[in-house]
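These are my notes from a session spent looking up helix packing, sheets and a pocket. I began with what I would mean by a contact.

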Amino acid sequence: MITTSLLEKYGALKKSFEKNDLIFEEGNLPTHYYQIISGEIKMSNYNDDGREFIQGIFYKDQSFGEPPLFLNQKYPANAIAVEDCEIFLLPKPTFMKLLEENPVISIKIIENLAQRLYYKSVMAAEISTHEPEHRVLKLIDHGIAYFNFKKESNGYLINFTRQQIGDLTGLRVETVIRTIKNLEKKGELKIINRKVYR
């Protein structure tokens, strides 16, 4: 997203987090811009039954948590380290100065936010109106296009766990497992050594 050299020029700090560490908490006001150097982050919250709903998963070089930062609104979800990670933190006033002084970066941020909004709109329609097979394939195809899943000899490696697919599509894990097996029978997916490929 924003180059390392530019973030460092504006004084961004590097911070390490361990797996399951909370980076920011739902209900808190934002104070920093966050960009992943290494590792994986999920933004999620829980319903009244304690079921987790993943709002998004973010990887190396991606940023997260910007909408509340721009709006000065409380975070609508928690940001949690899925694995050990390192993140750039840039205080909000410095981040705003960086954007003012670098309009090309501002356009990239707008494009990134628009892409996320588009994804949420598409997935909201999918979750409310389509069968599990359609939901899972739509999520996987979106992941291939926007999460930079690696293409290997067997196809694109789908870097989501069954639990994450469930939490992103509103399906139970058992339904996800059954759906992936059905999609394999139909030739839409491959399962090799428990890994899913498209």
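Before listing any helix contacts, I fixed the term: contact means heavy atoms within 4.5 Å. I also noted at the outset that this is a predicted model.

**Entry 1: α5 and α7**

I looked up which residues bring these two helices together, and found that P132, E133, V136 and L137 in α5 meet T175, T179, I180, N182 and L183 in α7. I sorted the residues of this contact by class and obtained five nonpolar, three polar and one charged. For the geometry, I noted that the axes of α5 (residues 132-146) and α7 (residues 173-185) come within 9 Å and cross at roughly 85°. I therefore recorded α5 and α7 as roughly perpendicular to each other, since angles of 65 to 115 degrees count as such.

**Entry 2: α5 and α6**

I next turned to α5 and α6, whose axes come within 10 Å and cross at roughly 105°, which makes α5 roughly perpendicular to α6. On the α5 side I listed R135, V136 and L139, and on the α6 side I165, L168 and T169. The residues of this contact divide into four nonpolar, one polar and one charged.

**Entry 3: α6 and α7**

To complete the set I looked up α6 against α7, which pack at an angle of about 110° with their axes 8 Å apart; α6 and α7 are therefore roughly perpendicular to each other. Here R162, Q163, I165 and G166 in α6 meet V173, V176, I177 and I180 in α7, and I counted the contact residues as five nonpolar, two polar and one charged. Going back over my lists, I saw that I165 of α6 is in the contact with α5 and is also in the contact with α7.

**Entry 4: the sheet with β2 and β5**

In what order do the strands of the open sheet that holds β2 and β5 run? I read the order as β2-β7-β4-β5, four strands with antiparallel pairing. β2 (22-24) and β5 (52-58) stand at the edges with a single partner strand each, so one side of each is left without a neighbour in the sheet. From one strand to the next the twist averages 35°. I followed one pairing in detail: β4 (residues 41-46) and β5 are joined in the antiparallel sense over six bridges, and M43 has G56 in β5 as its bridge partner.

**Entry 5: the sheet with β1 and β6**

I found an open sheet of four strands in the order β1-β8-β3-β6, with antiparallel pairing. Its edges are β1 (13-17) and β6 (63-64), each with a single partner strand, so one side of each is left without a neighbour in the sheet. β3 (residues 32-38) pairs with β6 in the antiparallel sense over two bridges, and S63 in β6 is the bridge partner of Q35. I also noted that α3 (residues 92-101) packs on this sheet, touching β3 and β8 (85-91), and that the direction of α3 makes about 80° with that of β8.

**Entry 6: the second largest pocket**

I ended with the second largest pocket, which holds about 200 Å³ of space. Its lining includes E40, V82, F160, R162, Q164, R194 and K195. The elements that give two or more residues to this lining are α6 (162-169) and β12 (195-197). By class, I entered the lining as five nonpolar, three polar and four charged residues. R162, which I listed here among the lining residues, had already appeared in my notes on the contact of α6 with α7.

Notes:
Residues are numbered from 1 along each chain as its sequence is written. This is a predicted model: local features need pLDDT of at least 70, side-chain atom pairs count only at pLDDT 80 or more; totals for chains, interfaces and linings use all residues. Side-chain values use heavy atoms; hydrogens and water are left out. Axes are lines fitted to C-alpha atoms, for helices over the stretch in contact, and angles run from 0 to 180 degrees between N-to-C directions. Angles under 35 degrees count as roughly parallel, over 145 as roughly antiparallel, 65 to 115 as roughly perpendicular and the rest as oblique. Ala, Val, Leu, Ile, Met, Phe, Trp, Tyr, Cys and Pro count as nonpolar, Asp, Glu, Lys and Arg as charged, and the others, Gly among them, as polar. Two strands pair if DSSP finds at least two bridges between them. On a 1 Å grid over the protein atoms alone, a cavity is a set of points where a 1.4 Å probe fits but cannot get out, and a pocket is an open set with protein on both sides within 12 Å along at least five of seven lines; lining residues have an atom within 4 Å of a point. Grid points are joined across faces, edges and corners, and a volume is the space filled by probe spheres set on the points.
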